[in-house]
Amino acid sequence: MTNTEAPPRPELAGRATELVDLIRKHAGWQEENRLLHEEVLQGLRDTGLLKMRVPVRYGGYESDTSTVCDVIAELARADVSVGWTMNTWMIGCWLAGLFPDEVQDEIFADPDVRIGNSVSPNGMAVPTDGGYLLNGRWPFSTGILHSQWFAHSAVMAVEGGDPVPVVIAIPAADLTIVDDWHTVGMRGTGSVTTIAENLFVPQARVLPMLPLILQNQHLSERNADSAVWRVPFSPSAAALAGAVALGTARAAREAFFERLPGRKITYTGYELQVEAPLTHLQVAEAAVKLDEAEFHVRRAAGRLDAKARTGEPWTMEERAAARMDMGAATLRAKESVDVLNTASGGSSIYSHVPMQRIERDMQTISLHGVLHPNTNLELYGRVLCGLEPNTYLI
């Protein structure tokens, strides 16, 4: 085990920027083959970005949320699938940091370890000698094709009581993969279905979900004083996911302006699209919505970092606001992308034009069960009205 001094935020964000051209070079291949290219994976390793949420004692950086969000947004600007997969791995690293230290010794033996995760409890863990037998089927297992470990959610059978949700650390090689990721968006994430059949899981690799999500209780002694693990799960994950939507909107803006010079508006008198008042209104509207998406991501990340430094407790309204910030960032990012996609004209439907892929990826993100704007706004409104939240992911 070695301690590593964390690179500052601008340096890590700069490393992500340096990967943009490489990632874009393989974006079409990743979409066609439904997984990340090996050169992209190597780039993430070489730049050290995979270490951002690895504990310092294992050679990681324990980067703050604002830094991780900046990096994820920049990777998503290059290819949404890379940004989303990185988001998943960072959340997976955070979850792994909650397990007993002896389990972490195993998981973080490689500081570049990639850990996927799923918070949908689609499995059943039944107690047995020394641990549990796990059976389950989890769709949307982002990152599994390139991960060494996976933090899956399940329900644990309790004698004489109702099942309770748990998080389980599983070596990726122990899961069966179903190649079913045939989608219209975010194809490069390779988010296939995984299956566990009578899989034995040692006791130490199972964590009760509700205490760690709602009460921020975990079993790691060495991470107990780390600012990274002093924040609640849901607000932390929300900020990172919102950064993917932000990066997607930035990608749309960049793609639009790259094609704008010399373009005309077909069947009109505008020989140059850039001279049309309609274009001015469209790019301004998209820019404002992009700014609003960035506001929500930065506010969510800043709130997390500030509370992590002081150890100040979270109110239920603040937890709900974190979910709202993610939903609002997703909504505004999608609106920004939609405006620019509309302004891109019929020629943008060709597969070699990035805008069509960005539009499909953004639509896919906005339909995610946790990021969906309507779901998050409803949750925030419930809490503002004094009602209990209708989810434990808060």
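Colleague: Let's start with Glu62: what relative accessibility puts it among the partly exposed residues?

Modeller: Happy to, with the reminder that this is a predicted model. Buried means under 20% and exposed means over 50%, so Glu62 counts as partly exposed on the strength of its relative accessibility, 22%.

Colleague: And where does Glu62 lie?

Modeller: Its backbone is worth a look, since phi of Glu62 is near 50°, a positive value in a residue other than glycine. Most residues other than glycine have a negative phi. As for its place in the chain, Glu62 lies in the loop between helix H4 (38–46) and helix H5 (65–78).

Colleague: Asn198 also has a positive phi; which strand holds it?

Modeller: Phi of Asn198 is near 50°. Its relative accessible area is 55%, so Asn198 is exposed. The element that holds Asn198 is strand E7.

Colleague: Which residue of strand E7 contributes to a nonpolar surface patch?

Modeller: The patch covers about 300 Å² and is made by Met124, Val126, Leu133 and Phe200. Strand E7 spans residues 193–202. One member of the patch is found in that strand, and it counts as partly exposed at 42% relative accessibility: this is Phe200.

Colleague: Now the helices. Is H9 largely enclosed or largely open, and how many of its residues are buried?

Modeller: Helix H9 (residues 233–259) reaches 40 Å from its first C-alpha to its last, close to the 39 Å expected. The rest of the structure largely encloses H9, because the buried residues among its 27 number 21.

Colleague: What is the phi of the glycine just after H10?

Modeller: Helix H10 (residues 277–310) has 34 residues and reaches 49 Å end to end between C-alphas, close to the 50 Å expected. Just after H10 comes Gly311, whose phi is positive, at about 75°.

Colleague: Stepping back, what radius of gyration does the protein chain have?

Modeller: The chain holds 13 helices and eight strands. For 394 residues the globule rule gives 21 Å, and the chain comes close to it, so it is as compact as a globular protein of that length. Its C-alpha trace spans about 75 × 45 × 40 Å along the principal axes. The radius of gyration is 21 Å.

Colleague: Last one: what share of the protein chain's residues is buried?

Modeller: Among contacts between residues at least 6 apart in sequence, 73% join residues at least 24 apart. The chain exposes about 16,300 Å², with carbon and sulfur atoms supplying 54% of that area. Of the 394 residues, the buried share is 56%.

Technical notes:
Residues are numbered from 1 along each chain as its sequence is written. This is a predicted model: local features need pLDDT of at least 70, side-chain atom pairs count only at pLDDT 80 or more; totals for chains, interfaces and linings use all residues. Side-chain values use heavy atoms; hydrogens and water are left out. Patches are made of residues with over 30% relative accessible area and no salt bridge: like charges are joined within 9 Å, nonpolar side chains (Val, Leu, Ile, Met, Phe, Trp, Tyr) within 5 Å. Accessible areas come from the Shrake-Rupley method with a 1.4 Å probe; for residues, only the protein chains shown count as cover. A salt bridge is a side-chain nitrogen of Lys or Arg within 4 Å of a carboxyl oxygen of Asp or Glu. Helices (H or I, at least four residues) and strands (E, at least two) are DSSP runs, numbered from the N terminus. Buried means under 20% relative accessible area, exposed over 50%, partly exposed in between (1.4 Å probe, protein chains only). The expected span of a helix is 1.5 Å times one less than its number of residues. The radius of gyration is taken over C-alpha atoms; the globule rule is 2.2 Å times the number of residues to the power 0.38. Contact means heavy atoms within 4.5 Å.
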